[in-house]
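Here is my note on the model, point by point. Please keep the coordinates open while you read.

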Amino acid sequence: MVPCVAYVQESSATNGEVPPLTVVPTWIIDPIDGTTNFIHSNPFTCVSIGLVVNKVPVLGVVYAPCYDELYVAVRGQGAYLNNVPLRVSQTTRIQDAIIVRQLNFYVNLMLLYITAFAIIVIIMT
């Protein structure tokens with residue numbers, strides 16, 4: 001551990017609340033981002049690391065080992081995938097855009113049960 005530097009991990013959260021950021025440089029680390037996927041051998045998992053300085057995100061690194069994809073973003077210097085610059089989409093209409101949002105774990109579980117039930121019903125009929 002480095003003195004005068006803070007660390008925040010998933011395990012740092014108590015009752016689902018993450019400790020507040022301060023002016024101290026803070027590393028935010030999720031060693032297995034997508035834990036449920038990892039447990040079930042789903043390849044959509046990664047290691048996520050961020051650095052916040054003076055409450056401003058300055059660095060983000062995400063490594064997806066199953067795809068050997070390394071995403072790096074540095075404030076003011078752009079974002080890269082495996083050292084290739086990433087570009088912002090030219091899409092201007094929301095209906096032409098792809099928007100992703102993570103569903104809550106329990107919602108995912110409920111959808112899984114509903115899907116499994118529907119498959120069972122289809123197979124039985």
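**Notes on the predicted model**

1. Start with a hairpin. β4 and β5 make one, with four residues between the two strands. Asp 68 sits in that turn and has a positive phi of about 50 degrees. Bear in mind that this is a predicted model.

2. Next, the pairing behind that turn. β5 covers residues 69-74 and runs antiparallel to β4. Six bridges join the two strands. For a landmark, take Leu 59, which stands opposite Val 74 in β5.

3. Now the other partner of β4. Strand β3 spans residues 46-53, and β4 spans residues 56-64. Their pairing is antiparallel too, over seven bridges. β4 therefore pairs with β3 and also with β5, given that two strands count as paired when at least two bridges are found between them.

4. What lies between β3 and β4? These strands also form a hairpin, with two residues between them. Asn 54 is in the turn, and its phi is positive, at about 55 degrees. Beside the turn, Val 53 has Val 56 in β4 as its bridge partner. Both hairpin turns are worth checking by eye: look at Asn 54 in one and Asp 68 in the other.

5. How many salt bridges does the structure hold? The count is one. Arg 93 pairs with Asp 96, and the closest N and O atoms are 2.8 Å apart. The cut-off is 4 Å, so this pair qualifies.

6. Is Arg 93 buried, exposed or partly exposed? It is partly exposed, with a relative accessible area of 45%. Asp 96 is also partly exposed, and its relative accessible area is 45%. Both ends of the salt bridge therefore fall in the class between buried, under 20%, and exposed, over 50%.

7. Turn to the surface. Ile 32, Phe 38 and Ile 39 form a nonpolar patch there. Together they have about 290 Å² of accessible area. Ile 39 belongs to helix α1, which covers residues 35-39. Ile 39 counts as exposed because its relative accessibility is 60%, and the cut-off for that class is over 50%.

8. Last, a loop residue. Where is Asn 83? Look in the loop between β6 (78-81) and β7 (84-85). Asn 83 is exposed, with a relative accessible area of 74%. Its C-alpha atom is separated by 8.1 Å from that of Val 72. Along the chain, Asn 83 and Val 72 are 11 residues apart. Val 72 falls within the β5 range, residues 69-74.

Terms used. Residues numbered from 1 in each chain as written. Predicted model: local features only at pLDDT ≥ 70, side-chain atom pairs only at ≥ 80, totals over all residues. Heavy atoms only, no water. Salt bridge = Lys/Arg side-chain N within 4 Å of Asp/Glu carboxyl O. Buried < 20%, exposed > 50% of the residue type's maximum accessible area, 1.4 Å probe, protein only. Patch = residues over 30% accessible without salt bridge, like charges linked within 9 Å, V, L, I, M, F, W, Y side chains within 5 Å. Areas by Shrake-Rupley, 256 points an atom, 1.4 Å probe, with all protein chains shown as cover.
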